[in-house]
Amino acid sequence: MGFIQAIKVCLSKYVVFSGRAARSEYWWFVLFVILTNIVLAFLDAAIFGANPETGESTNVLNSLFQLAVLLPMLAAGWRRLHDTGRPGWYLLLPMALGVATMVMLLSGVAVFSVLEGGVDDPETLRGPAAFLGVTGMIVMWVLQLVLSVMMIWWLSRPSQEETNEYGPPVA
């Protein structure tokens, strides 16, 4: 499948999470999204300029595009995992780990805030809190890295040549 055809197929299957997507279909669409993001970043800078205080440009066009292709990217990845014989929901694992990390961080802050109220010298809790926080962040970062590399590995695997539980191979 070529570049233009992959874009057409992925956009025409905007929210189709069933079936399979060939490796070329998925990766050509990923390339389209990356290239469009780059072009829109330049257009945003040219049209809207930069904030004089921070030097950051406003990403209006880029944000709208990313919002528009969120579902097609998710659907294409979902179908791509189906093509390799894996469930599509595996694509949500890195996001789920990110949400779990945020919940753990906020829970840790809440717990140590409550504990500080019951201790005569709150400074005694700062060391253990910092140690647990840094250790937890390192563990979650390593897990996120492993999961992300594994996801790229799965998405780059060859298609299953025979019919699998998600349908016949894509031509």
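Residues are termed buried when their relative accessible area is under 20%, and exposed when it is over 50%. The model is predicted.

Helix α1 spans residues 3-12. Its buried residues are Ala6, Ile7, Val9 and Cys10. These residues lie on the same side of α1, because they cover an arc of only 165 degrees around the axis. An α-helix has 3.6 residues a turn, so residues three or four places apart point the same way. The other side of α1 carries exposed residues, namely Ile4, Lys8 and Ser12.

The buried residues of α1 have two packing partners. One is α2, residues 23-48, and the other is α3, residues 60-83. The axes of α1 and α2 come within 8 Å. They cross at roughly 95 degrees. The two helices are therefore roughly perpendicular. On the α1 side, the contact involves Phe3, Ala6, Ile7, Val9, Cys10 and Leu11. On the α2 side, Ser24, Glu25, Trp28, Phe29, Leu31 and Phe32 take part. By class, ten residues of this contact are nonpolar, one is polar and one is charged.

A second helix pair is formed by α3 and α5, the axes of which come within 9 Å. Here the crossing angle is roughly 70 degrees. This angle makes α3 roughly perpendicular to α5. Helix α3 contributes Gly77, Arg80 and Leu81 to the contact. Helix α5 contributes Met151, Trp154 and Leu155. Four residues of the α3 contact with α5 are nonpolar, one is polar and one is charged.

Arg20 sits in the loop between α1 and α2. Its relative accessibility is 4%, so Arg20 counts as buried. The side chain of Arg20 takes part in a polar contact of 2.8 Å with the side chain of Asp83. A polar atom of the Arg20 side chain also lies 3.2 Å from the backbone oxygen of Glu162.

Arg20 and Asp83 appear again among the contacts of Asn164. Asn164 belongs to the segment after α5, the helix of residues 123-155. Asn164 has a relative accessible area of 13%. This value is under the 20% limit, and Asn164 is therefore buried. The side chain of Asn164 is joined to that of Gln160 by a polar contact of 2.9 Å. With neighbours within four places in sequence set aside, Asn164 is in contact with Arg20, His82, Asp83 and Gly85.

Phe48 is found in helix α2. Its relative accessible area is 40%. Phe48 is therefore partly exposed, as the value falls between the limits for buried and exposed. When residues up to four places away in sequence are not counted, Phe48 touches Leu43, Thr58, Val60 and Leu61. Phe48 and Lys13 are 35 residues apart along the chain. The C-alpha atoms of this pair are separated by 32 Å.

Key. Residues are numbered from 1 along each chain as its sequence is written. This is a predicted model: local features need pLDDT of at least 70, side-chain atom pairs count only at pLDDT 80 or more; totals for chains, interfaces and linings use all residues. Side-chain values use heavy atoms; hydrogens and water are left out. Buried means under 20% relative accessible area, exposed over 50%, partly exposed in between (1.4 Å probe, protein chains only). Helices (H or I, at least four residues) and strands (E, at least two) are DSSP runs, numbered from the N terminus. The arc is that of the directions from the helix axis to the C-beta atoms. Contact means heavy atoms within 4.5 Å. Axes are lines fitted to C-alpha atoms, for helices over the stretch in contact, and angles run from 0 to 180 degrees between N-to-C directions. Angles under 35 degrees count as roughly parallel, over 145 as roughly antiparallel, 65 to 115 as roughly perpendicular and the rest as oblique. Ala, Val, Leu, Ile, Met, Phe, Trp, Tyr, Cys and Pro count as nonpolar, Asp, Glu, Lys and Arg as charged, and the others, Gly among them, as polar. A polar contact is a pair of N or O atoms within 3.5 Å; within protein, one must be able to donate a hydrogen and the other to accept it, and residues adjacent in sequence count only if both atoms are side-chain atoms.
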